[in-house]
Amino acid sequence: QGINAEYGLSRLINKDFYDEYITLYNKLGQHANALCVIIKDIGDNKRAEQYCLDNSSAEDNLFVILLNIYLSNVTEASGIPEVALNLMNKFSDKLRPAEVLGLLPDKIYLSSLETYLRKAIVHNTHMHREGEIIKNIKQLEHTRLKVQLIHLKSQSVVIGKDSVCGVCNTKIGDSIFLCYPNGNRIHYKCNTSASTSGGSDARHVDPVSKRDFKKYPMREFESAYESGPLYI
């Protein structure tokens, strides 16, 4: 049976069980506490970074929490600690400038952030451009599909009282019929009998023109039934 994380945490008396604390905090989603143990008790910055990589999500960016821990004692006089600068420079793609600046004292010198800010701005610009490209591609695809839909809606198949089957030359009447991309219309039964030896792909072959529409489809927008006959 699984161990309840809150119960396990309450039973840990020995404060030196750091790994156990980290595991339990992780299960409870208390990532700030887990990172505090890694940084303040164990003193392992690389492990803290890996913890953030393993547990961050779109809704929960642990790098911001880790940076906040590094900056917890920062003052205007002390400046930004090297460990915090290293984190910002290494993971500039995961730390947005607005979040970082919000953690700093108002009058801190920003000259020390030059490397981080340059990397972050380049990354954000790249992501913005990439997003715009994807947006434009999707808009073009949407327009193409909209035009195609309008064209397909304009397609119609009319069977009059004098319409005849292209195979047996008898009136189609109320019978089930097929309409091929080139406009040829035949009885369903005539397609079955004419394609007996044609194999599983015989339905793509117009028995009147002998054209295989799977191998030689109509040009785009030329017909609504490019992949084979329309069964009606």
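Begin by selecting helix α2, residues 18-28, in this predicted model, and look for Y21, I22, L24 and Y25, which are buried. Just beyond, where α2 has ended, click on G29, a residue whose phi is positive, near 75°.

Next, select helix α3 (residues 31-42) together with helix α4 (residues 45-55), and turn the view until you can follow both axes, which lie 9 Å apart and make an angle of about 165°. An angle over 145° counts as roughly antiparallel, and α3 and α4 are therefore roughly antiparallel to each other. As you rotate the pair, note that the crossing of α3 past α4 is right-handed. To see what brings the two helices into contact, show the side chains of H31, A34, L35, I38, I39 and I42 on α3, which meet N45, R47, A48, Y51, C52 and N55 on α4. Sorted by kind, the residues of this contact are eight nonpolar, three polar and one charged.

L35 also leads to the next stop, since it belongs to the largest nonpolar core, which has 33 residues, and L35, L66, L67, I80, L87, M88 and L95 are the members that touch the most others. Colour α2, α3, α4, α5 (62-70), α6 (82-90) and α8 (114-154), each of which supplies at least two residues of this core, and pause on α5, which gives the most, with seven residues.

Now centre on I80, and set aside its neighbours within four places in sequence: its contacts are then L71, L85, M88, L104, I108, S112 and L113. Finally, move to a second, separate core of nine residues, where I172, F177, L178 and Y180 are among the members.

Methods
Residues are numbered from 1 along each chain as its sequence is written. This is a predicted model: local features need pLDDT of at least 70, side-chain atom pairs count only at pLDDT 80 or more; totals for chains, interfaces and linings use all residues. Side-chain values use heavy atoms; hydrogens and water are left out. Axes are lines fitted to C-alpha atoms, for helices over the stretch in contact, and angles run from 0 to 180 degrees between N-to-C directions. Helices (H or I, at least four residues) and strands (E, at least two) are DSSP runs, numbered from the N terminus. Angles under 35 degrees count as roughly parallel, over 145 as roughly antiparallel, 65 to 115 as roughly perpendicular and the rest as oblique. A crossing is left-handed if the near helix is turned anticlockwise from the far one by less than a right angle, and right-handed if clockwise. Contact means heavy atoms within 4.5 Å. Ala, Val, Leu, Ile, Met, Phe, Trp, Tyr, Cys and Pro count as nonpolar, Asp, Glu, Lys and Arg as charged, and the others, Gly among them, as polar. Buried means under 20% relative accessible area, exposed over 50%, partly exposed in between (1.4 Å probe, protein chains only). A nonpolar core is a set of buried Ala, Val, Leu, Ile, Met, Phe, Trp, Tyr and Cys residues joined through side-chain atoms within 4.5 Å.
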